[in-house]
Amino acid sequence: MTTLSVTGLNVWFSTEEGPLHALKDVSFDVPERRIVGIVGESGCGKSTLINAILGLLADNGEIRGGEILFEGAHDLTTLGPREMRDLRGPRISTVFQDPMGALNPVLSVGQQMINIQYRSGQSKAEKAARAVEMLKLVRIPDADSALERYPHQFSGGMKQRIAIAMALMMEPALLIADEPTTALDATLEVTTIELLQDLQAQIGCSVMFISHHLGVIAELCDDVVVMYAGEVVERGSVRDVFHDPRHPYTRRLLECDPARQTERTRVLPTIPGEIPDLRHRPEGCVFAPRCLERHAGCEAPQAELRVADGHSARCNLALAAAGVEA
Amino acid sequence: MSADPILSVRDVEVAFPVGRMMARGAILGVAGVSFEVKRGETFALVGESGSGKTTLARAINGLQEISRGEITFEGRRIDGLGRGQMKPIRKRMSMMFQDPVGSLSPRMTVGDLVTEPYRIHGAEGKDLREETARLLSLVGLPANFASRYPHQLSGGQARRVGVARAIALDPALVIADEPTAGLDVSVQGEVLNLLNELRERLGLAMVIITHNLHVVHHVADRTAVMYLGRFVEIGETEAMFAAPRHPYTAALLSANPEPDPDKVHDRITLPAEVPSLLARPSGCEFHTRCPWAQEICAREVPPAGDVACHFPLAPGARPPVRETAE
């Protein structure tokens with residue numbers, strides 16, 4: 001079964017300068033027990049996408065068309081606030097970039113972990129035991145006494161692990177992790193990724209992992225969805241997309257990653273130009289204004305072309321580009 | 001590049017008072033560091049969040065009082081100077097703060113923002129309009145950006161405005177705190193290229209603070225790695241990347257996630273528990289996480305030098321295999 005299936009999702013915002021088409025025809029799946037990475041630059045619609053899934057779009061945002069099917073049963077775009085509240089937390093949970101923002105600084109960690117089990121109907125002792133179990137799972141040393149400590153008494157990496165423990169405590173079907181390792185140093189980043197991988201396997205949930213760090217995506221995820229200016233430009237298994245990228249944007253993004261530059265250089269590759277104004281989307285390919293491979297065929301709207309099983313790209317050259325090395 | 005250093009930091013300590021009454025004490029955010037920056041040189045400070053990088057930068061800029069040591073800038077002692085005395089020095093030494101958009105006043109236009117340094121330090125008959133145009137073109141922004149407000153800028157553009165402000169008064173030294181944090185890979189490259197270019201054109205010296213090792217590799221001439229407020233290793237960037245000598249440096253370098261799903265990682269994994277500054281470990285402060293640690297490491301502080309380690313690594317050293325109690 002597919003945990004989350006997004007089909008043809010369109011999100012608009014009304015702004016003073018006119019309507020803004022933030023997400024355009026976004027489609028992708030998060031299959032059961034898979035980790036799916038969403039990658040793209042700021043402004044590509046990652047946060048809008050999360051908010052649309054969680055039913056937390058700002059007041060000026062509106063879903064106009066498309067469907068977000070959760071566990072094959074609920075279309076999240078049609079659920080009321082109350083039904084959404086019942087899903088958020090126990091079935092769909094989140095971890096954000098800043099762990100301090102996710103934890104209440106004036107309550108002990110234990111108190112917070114007990115509070116969020118308010119739906120479980122268990123006794124306080126049982127809830128506390130469950131909290132200790134989760135802290136052990138995320139490898140917080142001395143888990144029993146950790147319950148009595150406050151967030152500021154933990155390091156950044158530990159706080160993020162506590163936030164992960166809290167997000168997974170109710171054994172959700174879907175964990176949405178929004179840049180959870182961005183604030184950590186390289187060693188802690190790797191530890192956190194490995195932990196997420198372990199926990200995901202143990203709990204058997206699906207994970208939607210949002211990041212602009214390609215290295216982390218490559219290491220953690222099974223599948224990847226590449227977004228640009230509110231559109232999915234390429235999606236597929238991590239191996240297919242990273243080894244055989246078919247959209248020029250994916251290729252440029254991979255080239256830009258400083259980790260790919262093993263030789264020391266004073267001039268780093270960039271993608272010149274800016275993301276188009278989403279109030280005036282280009283008629284044709286949204287990446288065309290910055291694309292080195294642009295030609296006359298790019299002025300028409302682009303269809304998503306299937307490259308291989310589960311691998312597709314929204315570029316008219318996607319099938320011709322076979323063998324082009326990134 | 002002349003041989004005399006533009007900035008010299010000697011044995012600097014920054015203490016923060018903690019506790020009250022009888023329990024009064026101090027924690028050392030920066031615990032005795034020394035380094036020099038030569039004219040035209042880029043020096044990088046690397047370390048995880050909480051390792052004291054930003055505190056050290058603030059101390060150099062006089063925003064944070066130091067509890068011991070000496071800071072000399074262009075041949076003059078600057079630690080302990082009052083606000084008024086510090087003002088002319090800040091013309092020669094500018095600072096780029098973290099958070100590109102947050103460090104710009106939302107009520108000022110880009111034009112006002114880039115010329116604000118002149119209004120603070122006196123314009124001396126400069127034509128502000130001309131200066132605005134000059135600065136914007138130096139950082140690669142179109143002249144019509146002068147009338148925009150910060151919320152109308154992308155992250156990369158806001159960074160450019162931050163750079164323009166930092167170089168407005170023709171400083172000799174720019175301290176950049178996380179100049180690429182939160183920026184996308186493609187924009188990261190742009191900002192680093194810009195800093196490199198300005199450094200060459202204007203002969204700037206730079207201190208770059210970052211937790212991103214890839215960034216360091218491409219821009220810094222020399223690098224210092226910080227851990228718990230001390231330098232564990234300092235040296236030429238190239239040599240350090242080729243053959244790290246301190247186990248912490250080696251672990252950081254080996255942790256780097258790379259955008260290749262099939263990459264076989266030969267990582268040095270560290271226990272994730274970073275000690276608290278309130279309870280610094282005895283001897284070598286890294287011994288609690290060091291895979292190479294021996295008996296002496298818990299007992300004795302390593303000898304002073306470029307590598308703060310009892311047993312500096314040979315090139316390509318791998319951690320000894322030990323029975324671990326997992």
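The crossing of helix α8(A) with helix α9(B) is left-handed. In this predicted model, the two helices pack across the boundary between the chains, with axes 8 Å apart and an angle of about 50 degrees between them. An angle of this kind is neither under 35 degrees nor within 65 to 115 degrees, and α8(A) and α9(B) are therefore oblique to each other. Helix α8 of chain A comprises residues 186-203, and helix α9 of chain B comprises residues 247-255. On the chain A side, A:Ala186, A:Thr187, A:Glu189 and A:Val190 take part in the contact, and they meet B:Ala251, B:Leu252 and B:Ala255 of α9(B). By residue class, this contact consists of five nonpolar residues, one polar residue and one charged residue.

The contact between the chains as a whole involves 36 residues of chain B and 42 residues of chain A. On the side of chain B that touches chain A, helices α6, α7 (213-219) and α9 each supply at least two residues. Helix α6(B) gives the most to this side, with eight residues. The side of chain B that touches chain A is mixed in character, with 13 nonpolar, 14 polar and nine charged residues.

Helix α6(B) also packs within its own chain. Its axis and that of helix α5(B) come within 10 Å and cross at roughly 20 degrees, α5(B) covering residues 155-167 and α6(B) residues 185-202. Angles under 35 degrees count as roughly parallel, and α5(B) and α6(B) are therefore roughly parallel to each other. The crossing of this pair is right-handed, whereas that of α8(A) and α9(B) is left-handed. From α5(B), the residues in contact are B:Gly155, B:Gly156, B:Arg159, B:Arg160, B:Val163 and B:Ile167; from α6(B), they are B:Val187, B:Glu190, B:Val191, B:Leu194, B:Leu195, B:Leu198 and B:Leu202. Eight of the residues in this contact are nonpolar, two are polar and three are charged.

At the level of the individual chains, chain A contains 11 helices and 13 strands. Its radius of gyration is 21 Å, close to the 20 Å given by the globule rule for 326 residues, so chain A is as compact as a globular protein of that length. The C-alpha trace of chain A spans about 70 × 50 × 40 Å along its principal axes. Chain B contains 10 helices and 10 strands. For chain B, a radius of gyration of 21 Å agrees with the value near 20 Å that a compact globule of 326 residues would have. Along its principal axes, the C-alpha trace of chain B spans about 70 × 55 × 40 Å.

The confidence of the prediction was examined for each chain and for the model as a whole. Chain A has a mean pLDDT of 90, with 98% of its residues at 70 or more. Among the elements of chain A, strand β11 (residues 231-237) has the highest mean pLDDT, 97, and helix α3 (residues 99-102) the lowest, 80. The mean pLDDT of chain B is 87, and 97% of its residues reach 70 or more. The scores for the model are ipTM 0.74 and pTM 0.84.

Notes: Residues numbered from 1 in each chain as written. Chains lettered and ligands numbered in written order. Predicted model: local features only at pLDDT ≥ 70, side-chain atom pairs only at ≥ 80, totals over all residues. Axes fitted to C-alpha atoms, helices over the stretch in contact; angles between N-to-C directions. Helix = DSSP H or I, 4+ residues; strand = E, 2+ residues; numbered from the N terminus. Parallel < 35°, antiparallel > 145°, perpendicular 65-115°, else oblique. Left-handed = near helix turned anticlockwise from the far one by under 90°. Contact = placed C-beta atoms within 7 Å. Nonpolar A, V, L, I, M, F, W, Y, C, P; charged D, E, K, R; others polar. pLDDT = per-residue confidence, 0-100. Rg over C-alpha atoms; globule rule 2.2 N^0.38 Å.
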